[in-house]
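Biologist: I am new to this structure and would like a close look at a single part of it, namely the disulfides. Please take me through them slowly, and then show me what else can be said about the interior.

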Amino acid sequence: MNAHVDDRSTMSQPHQPGYPTGQGSPAPTPGWQQAHPQQLSYQPAPRPRTALWIGLGALGLVLAVTAVTFTGFVTPGFFLAGDQGKTTGSPEPLAPSSVPAQQTPQQKRPTPLPDPTTCSFPAIADEASKKTPPPPPGYIPANGTVTVTIKSSAGDIGLSLDRALAPCTVASFLSLAQQGFYDGTSCHRLSVTTLRMLQCGAPDRAGVGGPGYITPNETFPELKYGRGTLAMLMDIAPGTGGSQFFMIFGDSPLPPHYTVFGRVSDSGLRVLDTVARGGADSTQGPGDGTGPPTIPVTFQSVTVS
């Protein structure tokens, strides 16, 4: 999940896990990542990039993230220990037996948020951003669901956004969709092994960039990531979501660090299953066995019902 599910930091990461550059946040001190193995790490490159590292050891899960671009929150994605080094060209197909028959049960906050709740969307300075106005700061509804349809080159993907889970993230996603931010963007990272997710939402085909502002993390300890989960990439520091998100079509053993803001419809999951069976081109990926889907997924439009 470099998101940051690069982030680029984001799932290669869901948005960048560490401190985003260009926002006045201090850079991580030496040894910071070792002390916080489940956080995303932010590593500067010719320009800030993020990559999410997820390692599964014998006793549990270790998650780390490096960044592709702070504004690109998640781009190259989660790095799985078992996937490292898989850079041969043949795509890894999805094993049908690895996909659960049922969606993860509907998630609910143990304690409801105030309704309405207060949201803010601070601007960030990043040359890779596709600068887009955020929703106006202030009170946002924290109840009800909103239906969204992504028309893509691979088929229609229906989403149900849940304001009770993540009102600020839902408000941002809807605002970006209505402004056409996602039109013409492509899903740049597919994992068919441990994570089983498709990462989308970067304005750059390489998985870089974001909207030029950040959204707060809206997580809680009881979050689970399984078939049908829609989650936002993030940076290492709290409150660093953006435009990049990931859709999970199988079980994914992630810690509750990624804001869940809705669900993928059954018909949408069938589209994701088809894309997953096509495999990922790991030669074009970050070197962790993930990469662009060989069946392209380009968003033609994102409409709100």
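**The disulfides and the interior**

Modeller: Cysteine 187 and cysteine 200 are joined by a disulfide, with their sulfur atoms 2.0 Å apart, and I should say at once that the model in which we see this pair is a predicted one. The link of cysteine 187 and cysteine 200 is right-handed, with 95° about the S-S bond. It connects distant parts of the chain, since cysteine 187 sits in the loop between α2 and β9 (189-191), while cysteine 200 belongs to strand β10 (residues 197-200), and the two are 13 residues apart. Cysteine 187 counts as buried because its relative accessibility is 5%, where buried means under 20%; cysteine 200, with a relative accessible area of 0%, is buried as well.

The structure holds two disulfides, and the other joins cysteine 119 to cysteine 168, with an S to S distance of 2.0 Å. Here the angle about the S-S bond is -90°, and the link of cysteine 119 and cysteine 168 is left-handed. This pair, too, links distant parts of the chain, with cysteine 119 in strand β5 and cysteine 168 in helix α2, 49 residues apart. Cysteine 119 has a relative accessibility of 3% and therefore counts as buried, and cysteine 168, at 4%, is likewise counted as buried. If the bonded cysteines of the protein chain are numbered in sequence order, the pairing reads 1-2, 3-4.

Turning to the rest of the interior, the largest nonpolar core has 41 residues, and the members that touch the most other members are Leu159, Leu161, Phe173, Phe245, Met247, Phe261 and Phe299. Helix α2 (residues 167-178) gives the most to this core, contributing seven residues. Apart from this core lies another, made of 14 residues, among them Leu223, Tyr225, Phe246 and Tyr258.

One further residue can be placed in this picture, and that is threonine 104, which is found in the loop between β4 (79-80) and β5 (117-119). With a relative accessible area of 15%, threonine 104 is buried, because the cut-off for that word is under 20%. Leaving aside residues up to four places away in sequence, threonine 104 touches Gly226, Arg227, Thr229 and Arg263.

How values were computed
Residues numbered from 1 in each chain as written. Predicted model: local features only at pLDDT ≥ 70, side-chain atom pairs only at ≥ 80, totals over all residues. Heavy atoms only, no water. Core = buried A, V, L, I, M, F, W, Y, C linked by side-chain atoms within 4.5 Å. Buried < 20%, exposed > 50% of the residue type's maximum accessible area, 1.4 Å probe, protein only. Helix = DSSP H or I, 4+ residues; strand = E, 2+ residues; numbered from the N terminus. Contact = heavy atoms within 4.5 Å. Disulfide = S-S within 2.5 Å.
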